[in-house]
Structures are given as structure tokens and as C-alpha cells.
Amino acid sequence: MLSLLLLVGASALTLELLQHSSYISRVGIAPEQPVPFSHKHHVGELGLDCRYCHTGVEASASAGLPPTHTCMTCHSQLWTGAAMLAPVRDSLAHDMPLAWVRVNRLPDYVYFNHSIHVAKGVGCSSCHGAIDRMQLTARAQNLSMQFCLDCHRNPAMRLRNPDQVWNTEWMPPADQAARGKALLAQYHIRSGAQLSDCSVCHR
Amino acid sequence: MSREHPGLATLRGRLSAQHGALWRSLDQLDGNDAFRRFLHTEFPNASPGRGVDRRAFLRLMAASLSLAGLAGCDDPDDDPRSKEIPYVEQPREAHPGQVMRYASSTLIDGHANGVTVLTRDGRPIKIEGAPAHPWSRGGTDIAGQASVLDFWDPFRSQAVLRLGRPDDWDSLRPVIEALPRDGLHLLTGPVTSPSLLAQIRGLQQRFPGLRWHVHAPADAFAARTGAARAFGQPLDMLYDFSQARTVVSLDGDILDPGPRQVGLASRWAEARRASAARGTLLTLHAVAPTPTLTSSKADHLLVAAQSDIERLAHRLPDGGDDPWQKRVAQALANADGSTMVVAGAWQPVSVHEAVHRLNARLGNLGRTVLPIAPVAAQAEDLPALVQAMQRGQVRTLVMLDVNPVQDAPSSLGFAQALERVPMKLHAGLYADETAAACDWHIPLAHPLESWGDARAADGTIGLIQPTILPLYAGRTVPEILSLLTDAQPQDGQTLLRAYWRTRMGGNFDTAWHQALLQGFIADSQAGPVAVTSAPGGGSPTPPATPPGKVDVLFRPDPVLRDGAGANNAWLQELPKPLTRIVWDNAVLVSPTLGKELGIVAGDVLRLEADGRAVEGPAWIMPGQAARSVTLTLGYGRSNPDMLATGIGYDAALLRPVANSFHIPSASITRTGRRHQLVTTQDHNTMEGHDLVRVQQVGAAPVGDKADTADRLYGGRAASGSSPADTGTTATRAWGMVIDLDSCIGCNACVVSCQAENNIAVVGREQVAEGREMHWLRIDRYYEGDAASPATHFQPVPCMHCEDAPCEVGCPVEATVHDHEGLNVMVYNRCIGTRACSGYCPYKVRRFNYLDYSAGAAPQLAEQRNPDVTVRARGVMEKCTYCVQRIAEGRIDSDKTGNPISDGTVRTACQTACPTQAISFGDLADATSAVRAKRQDPRNYSLLGDLGVKPRTTYLAKYEPAAGPA
């Protein structure tokens, strides 16, 4: 009987660990992309703003990926012959879009809206991590319901000043609790209970 | 039943005795066993007794588990859905993930209704009203709402066909260029488009012998011909209800589906609300041989035979001896131009002529009845074409967007005559029955991918602009005519701009841009025409129905019309407004005739007249004239490989050519066969009383008392508060009020809801088990005697009860309240116990017994709203108050810092309604329209005494004050 209990307990524990492992959550795993695009180079080293490529982030639910044309604004002048960029040049030449592999993906019944988060002082790095240090892009958070709810129930700890939203190196200052409370009022953010209504994310 | 506690049975008996006079079906009126069994089953839609034994269960489970294991081995990165594909060059106006709106028009019988087309990422997904449009004023009809599904229909014709085999445009070109110039005939549907008309006139100049014919199975243009007799010129009639006290409908169609429905219903409802506010109701007296939406809304109804209506049309304003006629005579007595008499499109020319003369005599012309020049262009009719074909005069026949082989009366012999035509070309959305009889078939472009123009019933010129590039190789009718006339064929946009460039004043580009932006050309309504009565107007003696024979009436199907919508699954599964039948048409038989001949619903009847016959299943129709049956058009399609194939009977088999809506004498026999008709009329029956309340004008209010903000949901916000609850934003309280007086039962809201919320079509067999998925249903109640009952329509969405019983029932909290008072359904939590549905007194919850949305054609999936979850098997669903639209409004408001202003968040049903019967908004906002409606003395809660505090409430239907109207 005891061994049976142990067996059951062990399998439950294994399942639980598996559930949160990066094998399932895919945190830190960078999928192979048509072009090995480096956020580290473009954001961390060159200092491009997130919105230069992800133009929809302030207006739309989806931040959007840049059209090939955006890549070619620079790469028609720089690294014009680089083999690494051949798929980008081919895309433009043949009018065939690049097909990127999604890094962050939510279930179909979850409706995340980028625009409202950045408007209310939730910065990119809160979900996407230190993107400016990623050579290849990987998922930074497991994006589980628990992850979303942690913030929705108590947003104060993640809120930033508007000018810090795009700062990928942002760290909560020591007095974040007090600042966060002030920002809650400044942004007119609803209560944690209201923000955890099912209908906020599920439709 | 046998195990039931006797006390319970007694109680139920008492409850049902309290039902009052409302009934849904004849089964209910009888109180027969079948109905009672259905009513008292907890889950009538669960599969009965198909037990699975333990062994079978284990076998199934073993298979599922092993498959589940395999599914786990997929590499998620290989899933095509895990790809993100940006543009190569993003158009400046493209905003991925955001809704884009295009002003355009939908067509019904060639006439326009102004609409707004919503597209997402380049895909048209929804049709909404266009509030600025002078005719449709924000309303829509079922045909317009469903047209977005037609666009994505995988059955649509996708290639040029030569003798039924795929061919291409290149081989068609020389054929068209070599067409012989003499003996050319053109057959189209009704044409209202000014640019197309100009093109046809141009074609007539280029081919002087060209003869143009118009074919419209649902409209014989009797009103126009009647006007030609009464006033010496063909006219269309518009109505100004705001100037009227009384409407007398001689089997009229002012509220029935057709080109005029949206505009007329909107104006009728508006005038009725205004008149009730003044204390004198705009009364509707209706006589009809077979029930219609118009007769269903009558305050005073008379059921009479067709011949009686013809006699009555000539006798009015003098009444007869029955109370209805006396009342009408009284209402028409002082001919002060404050009345109107209307007749339906299916009435013969003689009735229309009499009605026109009557309106002239009553002083109504120019006041309540406004004559305008005909909106649809005049051309020769179909019998003239058949005559020419039979004489061998037709060398080439070009048929554009018509299907006469199927929908012309078979006695006309169109199909046989067509065989004598050497060269036959057909263009249509579908490779239909006519295409199969032609040498060439050309796929037609759908209006959602076309440039064009068309006039609304009041003459307003609406523009049609494409919302997407053509899906298939289709071309528009003007483009096809351009192939015939122009050396260099032009595309639709060039043709349309070229036509309007010379006709729009000022700077064309500015004016054109403005017109496209609003979707119509401003101030293009037809002006009133002054008329004088022509001599004549005898009273013909209508043929009486001989004893033993029956009167046969032909009507467009209330949903499919002449069959134009036959391939649309939303329309096929839409319960017909009165019979609630889906996926079928029936022979409507009066209760009297049914009793006399021993006919019950589902008996296959054979009707014969003039050597022709048709067979179809019977339906006992309350309110049908005693010795009459009604056949509906649009069914019995024979073309293979269509959704509509093999459904229903084809009324064209019996239909006469002259006076094509009526046969005064036919024989009726029972074949002895049975056919199961599927109807939803007893589905989701509520047990209770006072379901539909009626407010007599001037009498004490029938609404609930003190139903205001104090009853709004609010208690739970405090109890559920977390430490971080700062409560900086005022809580909204969403609510809906439905005006039963304005609801005409047209179903536009139901189709709109289906389009917006990705509601699955389940098919005939599933509906028969009670598993239809419509989140919003329209309950139709009868009151009184089955021979001539009053009819009530009641749309029933989720009530979003403040004390929702369903929430108590759910063991996993998959249905809970949010802070704005929505009863939300969380699909990903639902485990499918269906307890919530058992607890719901309104029966508005729908369960996915099967995976209805899976396996849809890829095109159909393109129509789906990306903001709404596509539900899987085993999940409960229901009306959400369009929570996705609320979320959009809330996010916009939060971003800008401005509160959501009243009218910003509009539900799909609300935007579709032609009569503005549905109000929606924030009840906590003291200035909102919905709050004002809720304070109307007519406001009441459905099953209010259950104490569940529904957020959706109703306004009682009006009834005229007692005494003379």
C-alpha cells in the first residue's frame, strides 16, 4: 500500500515538474528562424526602439512583426551581400513574406492586448525579459495563467513611468511599492479583483 | 413518468393551467403527450438511451489514450499556426489585428441596403448597418447579414465552364467576340444600378436587335403595373408612417422580407413608438390569407380567403358585416389623408390597382403614400423571352445572375425552350441548374469583392466597393457586359468611375471619395411624382374555390426568398419566423382543412392543378385561411454538389405563369407517405406565465414596479475585493432592453449574432434533437384561437441574471459573474456537466454535443471572428453580450482616459435590428438610452418572480385603446 502511495506521489511530482519544465513551457528555448535575427545586436548594441519594428504595439492587440521592407531600409545599404540575410533579400525580390516561428504563443481562448499594457505602464521586458541581451530570441516567461494573474491581481509591483516602458533593462526600484501605488492612481488602473475577471482575458 | 411523485404531477398540472392563453405549437395547445414528454425531460437534447457498456467504454478510452500519446509527440514549431507571417510591404492603411470598416451595399432582388462591412486582416467577416444611410438607417436584413457567408461559400462557382467542364477566360474571349449580332437576348434580375442600366442601353445601341428581359421570381411587379392602370404611369409607392393614424394591410408586405423591409420596418417602428408616446397608437389592421410578418404584427387581424381580399379591395372604404371590416370602414371614414392602404407584392394587379385608387380617394397620395418613379428599370418579362425562344428567334441568350431553369414556373417551359437556343451563356455565383443547361458558365464576383452601384427602394444610390481581392476568377456583371461591348474590356472600378465622373458635379475625385466613404451618393432619393387618377377601375369577380378544392397560395420563402440564399447554411438553419421549421419547406395547411382531411404535420400531400402536381410535407399553420394551402419558393434544388440539393419541394412545379402567386382551384390528396419536418417551436420552452405582456395604450402600466438602479448587481464587488482593490474606476452595469412592440420577428439579429460569435451550424439531424446553437432565439407565441391567433415575437438571449442560477449549478466555476455584471462563460474551465443549462430557467445555454466547428472548409474558417473563441466539443456556450465588443470599448476608453460614451459598445444583435428594438448599454449611467428604456412603465422582467434579477428586460407590446380605433 505504501509503495503504491509512493508511486502515485512520485508520478504526480514528476508530472508537476514536467509541467513547469522548459520542455513544456519552452522558456529559454530559441526556435530556429529563417534568419538568425539578433535582438542583442539591434536593440542592445544599436539601440533601436521596440516600436521601430513592432509598430502595432501602441494601437493594436498584436505588436506586429516588421514587413520585409523595414529590414531592407537598412539592409539595402548595410551587409548587402551577407549570406545570412539572403532570405530577407529573397523575400523582397520574390514578394514572398518571411515566415517566422512564433516565440510567444497563447492558447486560442486567451485574448492578450499589447496596446493597453504599454499604455498602462507595463513594460516590454516584464513579459519578454531582457530582450536586449538575447542573441537569438527565446521565450522569457512561461506565460501561464498564473504568470498573468500574478500581475493582474497586484499590478503595482510591475508598473513603470511611461518613459520606462520601452526600457528593456528596467528593474523595480527599492521604493516600487510606493511608486506603484501612485502609478495605479495615475493610470486609473482598476482593482486587482476587477482585473482578474475572467472576461478580461477570455471571450 | 411512472416513477414521478404524484404530488409533483398535480403541481405541474396546476402550473400548466396557469399558462394563460399563450401557446407555441398546436401540440402544446392540445397538451398532448409528445409535447409534455419533451417539456418535462431535463435534457431533451441529450441522446436517448444509447448506452455504452463497460467493455465498449474501455475500448474507446484505450484508443483515445494511445492517440493522445501520439499527439504529444508533435513538434509545436512545425504547427502552421505557430508561424508569424508579416507583410513584405505593409500597405499604409493596413493595421494587422484591427477592424477596418468599409461602407458598401448588400443586394436583395437587385435593390440595395446600405451597410458597413467589417474586415479583419483583409478578410470580410461581418456585415453591420450603416446608420447614415437614408433608406436603411442602420438596419439590416437576414439576406444582407448572411451574405458574408455566401462570399466564403466553398460551393461558389470558381471557374469558367464550357459544357460543364472547366475552361478558361482565354478560350471564352473569341467566343464572345464572335457572337452573332442578331437574335441576341439578355436576361437579368431586377436592375437598379444606374451605371449598369447605362451599359445595357449602350449594348442596345451596339446590337440594335437586342431584347432585354428581367426575371424576378419573388416579385411580379404587380404594384407598378397596378399604378400604371390607376394613374397612367408605372410607379413605386413609399410610405410615410409618421403622417398616418391607421394602416390597412390587404395582405401587405411592409414588414416582410424584400427590398423594402429594412427601410419600411424602421419607419413603421419609429412612427409607432412616436404615436404611442402621443397616446394614439398607429394601428395596423391586416387581412391575410396566410400569415406573414406584417399580419403577425397586426393589432386587428382578419384571416380571409384570397378571393375575399380581392373583393374587399374593391369594396373599401365601405365595410362589410364582420367586426374587422366595420372597424376598418370606420378608420377610413374621414378621408383626411391620415390613413394608408397597402397590398403585398404577391397580390394580383387588380388588387394593387384598387388599392392605388383607394389611396387616391382617401387623400393619402402625397401625404402618407408617396409615389416615386420605379426604382428598378423596366424591361420585357420572362414569358416574352420564352415565346421568342419557342419561335426560334433567340440565337444567343446571355443570362446574368439568374437561375430561371430552377425558379421559373415549370409550366412556362423555360428549360425546354432553352434547348432551341444555339448559344447560351450564364453568369452566376453558383454553377447552378441554369449553368448546367448552358454552353458557357462564367463565375460571378460576389458584391463583397466587386465595384458597383445599386439603388435602394427609395431611390438612394448606394455604392458597392470591394473589401477583398476576388477570391476566385469571378467577374462582375458590368465587367461581363464590357466583354460584350468594349474592344478593350474594362475592370469594374474603371467602368464605375467613368460613369460617375460625368455625372457628379464639382471636383470628381473629392466627391467620389466622399461618396465611397459614406457608401451612397448624397441626396439621390427619388423625388415624389404628382399623379392623377386614370379612368377605369371596375370590380372584377374573383373566381371562387369550388367545393372539394383548395386555394393554393405561392409565397417567397420567408428565409430563402426565391432560393437566392439556398446554399447558405446560416439561412438553412435559421428557424422560419412563424413555423420555426429549419432545413425544409412545408405545405402550409389551415387547421380547419387539416381536421377535415385528417392531415397531421409531416403527411406528404399531393397538390394538383391544370395537369401539374407537386408533393410536399404538410404543416398545420395557425392563422391560415380555411380552404387554402401555401407553398413557398426557393427549395427543391436539383443541381448536384450543393448544400441545398435535395432539400424541400419545388413549388415552381405547380406555379402558374399568369397571376403567379395564386391558383384558385387545386385538388389535394394525402399520399400516405410521411416526412419529418424539423421545427424548433417547442425547443427551449419556458415554464411560467406572463411571458409576453401587452400594454393597452392609456391603461395602467403592465411593467414591473421600481425596477431601477437599486436592483443592479453590485454586492459581489465588495466581497470579492482583494487587498490591492483601489476601486478607482466606477463599475459599469451592462444591460439590455428589448422592445417587443418593435420586434417584427425578422431574424436579422439571430444571423448577425451567428456571424459575430462564430456560432456553429449543426445540421438538420442535430436540430431535430434540440441541439441548435443559436445564442439568440426568437420565441414565437400564439394567443387565442388557432384559426386566427394573435402572434407575438420575443427574442431571448442570455438574461445575464444578477443572481444567476447557472452559476450555482456549475461545479467548476466555469460560469461566473464579472464586475460589470456579465454572466461570463469560461470555455476553458467548462467540463461539460450541463448542470448550468439544467438550472437556467430561460433555456438560453447551448451545449456542444459534437465538435460542430471542426472540419469546416478552410474558406469558412476565414469568416470567423478572431476575437471570439471557436468552441470545441463538450463545452457549454451562450450569449456573452458580445463581451469582445465590450472589451474593445473598455480598452479604447482606458487608453484615451475618456469614459465609454453611450452607444459606443453595440451588440451584434442591436446593430442588425431594422426597428431599433434592442437597446444596450450601461445601466449605471443615468443618461444612457438603455437606462431610460428600463424606466419605461412597460419594462418587465421575463419570469421576474423567480427573483434571478435578469439584466435583459422587455418592454411590453402595445395594443390599441379599447373602443373604436
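**An exposed loop glycine, helix pairs and a two-chain contact**

Gly548(B) sits in the loop that links helix 20 (508–518) to strand 21 (550–555) of chain B. The model is a predicted one, and everything below should be read with that in mind. Because just 9 C-beta neighbours fall inside 10 Å, and 12 or fewer is the cut-off, Gly548(B) counts as exposed. As for what lies across from the loop, Arg627(B) is 79 residues away from Gly548(B) in sequence, and the two C-alpha atoms are 9.0 Å apart in space.

Stepping back to the layout of chain B, the domain assignment splits it into domain 1 (6–40), domain 2 (161–219 + 378–518), domain 3 (222–372) and domain 4 (550–679). Domain 2 of chain B is thus written as two stretches of sequence, 161–219 and 378–518. Between the C-alpha centres of domain 2 of chain B and domain 3 of chain B there are 35 Å. Where these two domains touch, domain 2 of chain B puts in six residues and domain 3 of chain B puts in seven residues. On the domain 2 side of that contact, the residues come out as two nonpolar, two polar and two charged.

Two helix pairs of chain B are worth a look. In general, a packed pair is described by the angle between the helix axes and the distance between those axes. For helix 7 (residues 194–206) of chain B and helix 18 (residues 477–485) of chain B, the axes come within 10 Å, with a crossing angle of roughly 20°. That angle is under 35 degrees, so helix 7 of chain B runs roughly parallel to helix 18 of chain B. The crossing of these two helices is left-handed. From helix 7 of chain B, the contact uses Ser195(B), Leu196(B), Gln199(B), Gly202(B), Leu203(B) and Arg206(B), while helix 18 of chain B brings Val477(B), Pro478(B), Leu481(B), Leu484(B) and Thr485(B). Sorted by class, this contact holds six nonpolar, four polar and one charged. As background, an α-helix has 3.6 residues a turn, so residues three or four places apart point the same way.

The other pair is helix 11 (residues 306–315) of chain B with helix 13 (residues 349–361) of chain B, whose axes come within 8 Å and cross at roughly 25°. With an angle under 35 degrees, helix 11 of chain B therefore counts as roughly parallel to helix 13 of chain B. Helix 11 of chain B also goes past helix 13 of chain B in a left-handed crossing. Ile309(B), Glu310(B), Ala313(B) and His314(B) make the contact on the helix 11 side, and Ser350(B), Val351(B), Ala354(B) and Val355(B) make it on the helix 13 side. The tally here is five nonpolar, two polar and one charged.

Further along chain B comes helix 24 (residues 748–756), which is mostly covered, with nine of its nine residues buried. The buried set includes Cys749(B) and Cys753(B), the charged Glu756(B), and the polar Ser752(B) and Gln754(B). Also buried in helix 24 of chain B are Ala748(B), Val750(B), Val751(B) and Ala755(B). After helix 24 of chain B comes Asn758(B), which has a positive phi near 55°.

Turning to chain A, its secondary structure adds up to twelve helices and one strand. Along the sequence the order is α-α-α-α-α-α-β-α-α-α-α-α-α, which places the strand between helix 6 and helix 7 of chain A. The C-alpha trace of chain A spans about 65 × 50 × 35 Å along its principal axes. Chain A has 203 residues, and 28% of them count as buried. Among its contacts with a separation of 6 or more, 72% join residues 24 or more positions apart.

Within chain A, helix 5 (residues 68–75) packs on helix 6 (residues 86–94) at an angle of about 115°, and the axes are 10 Å apart. Helix 5 of chain A makes a left-handed crossing with helix 6 of chain A. Thr68(A), Cys71(A), Met72(A) and His75(A) of helix 5 meet Val88(A), Ser91(A) and Leu92(A) of helix 6. By class, there are four nonpolar, three polar and no charged residues in this contact.

Finally, the two chains meet: 46 residues of chain A contact 42 residues of chain B. On the chain A side, two or more residues each come from helix 5, helix 6, strand 1 (100–101), helix 7 (114–119), helix 10 (176–186), helix 11 (192–195) and helix 12 (198–201). Helix 5 and helix 6 of chain A thus pack on each other and also give residues to the side facing chain B. That side of chain A has 22 nonpolar, 16 polar and eight charged residues.

Technical notes
Residues are numbered from 1 along each chain as its sequence is written. Chains are lettered from A and ligands numbered from 1 in the order in which they are written. This is a predicted model: local features need pLDDT of at least 70, side-chain atom pairs count only at pLDDT 80 or more; totals for chains, interfaces and linings use all residues. Helices (H or I, at least four residues) and strands (E, at least two) are DSSP runs, numbered from the N terminus. A residue is buried if 20 or more other C-beta atoms lie within 10 Å of its own, exposed if 12 or fewer, and partly exposed in between; C-beta atoms are placed from the backbone. Domain bounds come from an automatic or database domain assignment. Axes are lines fitted to C-alpha atoms, for helices over the stretch in contact, and angles run from 0 to 180 degrees between N-to-C directions. Angles under 35 degrees count as roughly parallel, over 145 as roughly antiparallel, 65 to 115 as roughly perpendicular and the rest as oblique. A crossing is left-handed if the near helix is turned anticlockwise from the far one by less than a right angle, and right-handed if clockwise.
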